[in-house]
Amino acid sequence: MPRPARLTTTQKGLGYPHQKRKREALAALRDGDPCARCEARGRYHPMYRAWSSSLELDDFPPRVIARALGITPVKRLSWSFCNRSAGGRLGNQIKAARRGGQPGQYTRW
Ligand SMILES: [Zn+2]
């Protein structure tokens, strides 16, 4: 079975399969690399290759924030449960912001 060649410009774009990116990110992962979600919150949360099935590759920062900041998100690995809880928190913050609240003031979780 022929293996795909190295990345082409097209493959680097939007159509590039997520699974392969995740495999590549996992291949580059070293034990102890920080979880991207927790690192963004100033907390060191190590990841381990042995637990790769519990890791997820995601846009970082999240697409909504990246768009607001005018930057391009990068794909980074984090623990799936950190990812999920970050997503929920982000949703709540967005809802609060739309209601006119100021979630940025709440620094204690
Ligand atoms: Zn984490």
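Reader: In which helix does Cys82 lie?
Author: This is a predicted model, and the secondary structure assigned to its protein chain comes to five helices and four strands. Among the helices is one that spans residues 80-98, and Cys82 lies within that span, in helix α5.

Reader: Is Cys82 buried or exposed?
Author: A residue counts as buried if 20 or more other C-beta atoms lie within 10 Å of its own. Cys82 has 23 other C-beta atoms within 10 Å, and therefore Cys82 is buried.

Reader: Which residues is Cys82 in contact with, leaving aside its neighbours within four places in sequence?
Author: One partner is His45, which stands 37 residues from Cys82 along the chain, with 9.7 Å between the two C-alpha atoms. With the neighbours within four places in sequence left aside, the contacts of Cys82 are Cys35, Arg37, Cys38 and His45.

Reader: Which residues make up the largest nonpolar core?
Author: This core has eight residues in all, and Cys82 is one of them. Strands β3 (55-60) and β4 (74-79) each supply at least two residues of the core. The full membership is Cys35, Ala36, Met47, Leu55, Phe60, Leu77, Trp79 and Cys82.

Reader: Which residues is Leu55 in contact with, leaving aside its neighbours within four places in sequence?
Author: Leu55 is a member of the largest nonpolar core, as are Met47, Leu77 and Trp79. These three core residues are among the contacts of Leu55, and the whole set, without neighbours within four places in sequence, is Leu26, Met47, Leu77, Ser78, Trp79 and Ser80.

Reader: Is Phe60 buried or exposed?
Author: Phe60 is found in strand β3, and its C-alpha atom is separated by 8.9 Å from that of Leu77, 17 residues apart along the chain. The cut-off for burial is 20 or more other C-beta atoms within 10 Å. Phe60 has 20 such atoms within that distance, so Phe60 is buried.

Reader: How is Arg76 classed, as buried, partly exposed or exposed?
Author: Arg76 has its place in strand β4, and its C-alpha atom lies 6.2 Å from that of Phe60, 16 residues apart along the chain. Burial requires 20 or more C-beta neighbours, whereas 12 or fewer would make a residue exposed. Because Arg76 has 19 C-beta neighbours inside 10 Å, Arg76 counts as partly exposed.

Reader: Which residues is Arg76 in contact with, leaving aside its neighbours within four places in sequence?
Author: Phe60 touches Arg76, along with Ala36, Pro73 and Val74, when residues up to four places away in sequence are not counted. Seen from Arg76, again without neighbours within four places in sequence, the contacts are Ala36, Asp58 and Phe60.

Reader: Where in the protein chain is confidence lowest?
Author: The chain averages a pLDDT of 79, and 72% of the residues score at least 70. Confidence is highest in strand β2 (residues 46-47), at 98, and lowest, at a mean of 48, in helix α1 (residues 9-12).

Reader: How many contacts does the stretch of residues 9-14 have in the model, beyond near neighbours in sequence?
Author: Over residues 9-14 the pLDDT is below 50, and the contacts of this stretch beyond near neighbours in sequence number three.

Key: Residues are numbered from 1 along each chain as its sequence is written. This is a predicted model: local features need pLDDT of at least 70, side-chain atom pairs count only at pLDDT 80 or more; totals for chains, interfaces and linings use all residues. A nonpolar core is a set of buried Ala, Val, Leu, Ile, Met, Phe, Trp, Tyr and Cys residues joined through C-beta atoms within 7 Å. Two residues are in contact if their C-beta atoms, placed from the backbone, lie within 7 Å. pLDDT is the predictor's confidence in each residue, from 0 to 100.
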